[in-house]
Amino acid sequence: MTCCSSNSSLSDFNTLPRCPNRVGSITVILGPMFSGKTTELLRLHDRQIIAKRTCVLVKYAGDTRYDADLVATHSKMTGQGRTVKAHRLDEVSSQIFSDDVQVVSIDEGQFFDDLAETCEELAQRGKVVCVAALNGTFERKPFPQISLLLPYANEIKQVTAVCVECGSQANFSFRSTLDKKVEVIGGADTYTALCRECYVQKSEEKDAEEQLKTGCDKNENDITGIVMAKKEQRSDGSVSPPRKKIGLSKSVALESTVRI
């Protein structure tokens with residue numbers, strides 16, 4: 001039996017004999033928020049269960065939006081079979097590296113800081129690995145572990161959402177809040193899926209709003225600082241500057257004298 005030739009055409013691929021030393025595989029599902037990444041992950045996972053393979057779902061422990069223990073989609077569809085949850089994959093290494101486990105499906109892969117190395121090791125041990133992850137941060141920057149994982153992947157599936165502003169194809173996740181942390185887990189109250197044009201427009205509007213807020217906060221802090229300085233000056237026993245005396249006109253002074 002021979003290994004697959006790299007010169008073979010795609011039409012011949014399925015008819016070629018498999019490599020006798022065949023190892024596992026890695027499939028990565030990438031897309032923005034609301035693109036169906038988890039839905040696709042669970043679909044592939046369910047197929048493996050139907051094929052009577054021993055499967056494990058890995059849930060990111062920090063994601064408790066729709067279910068505290070199970071992998072769940074935005075429509076609250078949950079994964080079937082055995083599920084483990086962790087903040088790092090090495091926390092569940094005994095479960096996912098177990099000899100009887102054949103398939104490992106990982107949701108929210110971008111949040112596991114040991115993702116790439118673990119997935120490659122799983123594949124080298126003959127396991128089928130499937131990862132669902134965001135294609136980029138809310139600032140359209142790469143997630144380090146996803147960038148490291150992609151060169152190991154046998155297959156990369158790019159899924160898209162629908163732009164909530166114009167209805168076209170959406171590839172980007174836009175965060176509506178001013179929070180700058182990378183890991184902010186939320187739903188429609190925090191994120192929307194946008195196309196390129198709408199993302200740029202909404203980002204400009206958000207930047208303007210943030211600058212306005214920063215300016216208001218600065219002015220408020222300046223005023224607060226002045227007030228506090230005056231309070232401290234009075235509390236330490238110092239005398240407030242004397243008020244300017246207002247002179248009385250002769251007519252007013254005379255009137256006052258007469259009344260007395």
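Is Y60 buried or exposed, and what is its relative accessible area? In this predicted model, Y60 is buried, with a relative accessible area of 4%, and the views below begin with the ring pairing of this residue.

**View 1. Y60 and F111 form a tilted aromatic pair.** Five aromatic pairs are present in the structure, and in the one formed by Y60 and F111 the ring centres are 5.1 Å apart, with 35° between the planes. The pair connects distant parts of the chain, since Y60 belongs to strand β2 (residues 55-60), whereas F111 is in the loop between β4 (103-106) and α4 (115-124), 51 residues apart. Like Y60, which has a relative accessible area of 4%, F111 is buried, its own relative accessible area being 14%. The burial of F111 follows from the cut-off, because a residue counts as buried when its relative accessible area is under 20%.

**View 2. Y60, F111, F112 and F143 are linked into a cluster by ring pairs.** The tilted pair of Y60 and F111 shown in the preceding view involves two members of this cluster, which also includes F112 and F143.

**View 3. F174 and Y199 form an edge-to-face aromatic pair.** Here the ring centres lie 6.0 Å apart, and the angle between the planes is 85°. The pair counts as edge-to-face because its planes are over 60 degrees apart. F174 lies in strand β9 (residues 172-175) and Y199 in helix α6 (residues 196-235), so that the pair ties together parts of the chain that are 25 residues apart in sequence. Both partners are buried, F174 at 7% relative accessibility and Y199 at 6%.

**View 4. Basic side chains lie over the faces of F174 and F138.** K206 lies over the face of F174, at 5.4 Å from the ring centre, and F174 is also the residue that pairs with Y199. R175 is placed over the face of F138, at 3.7 Å from the ring centre.

**View 5. S105 in strand β4 makes a side-chain polar contact with H45.** The residue S105, found in strand β4, is buried, with a relative accessible area of 1%. Its side chain makes a polar contact of 2.9 Å with the side chain of H45. When the neighbours within four places in sequence are left aside, S105 is in contact with L41, H45, V56, L57, V58 and C130, so H45 appears both in this list of contacts and as the polar partner of the S105 side chain.

Key
Residues numbered from 1 in each chain as written. Predicted model: local features only at pLDDT ≥ 70, side-chain atom pairs only at ≥ 80, totals over all residues. Heavy atoms only, no water. Phe/Tyr/Trp six-rings, centres within 6.5 Å; stacked < 30°, edge-to-face > 60°. Helix = DSSP H or I, 4+ residues; strand = E, 2+ residues; numbered from the N terminus. Buried < 20%, exposed > 50% of the residue type's maximum accessible area, 1.4 Å probe, protein only. Lys NZ or Arg CZ within 6 Å of the ring centre and 35° of its normal. Polar contact = N/O pair within 3.5 Å; in protein donor to acceptor, adjacent residues only side chain to side chain. Contact = heavy atoms within 4.5 Å.
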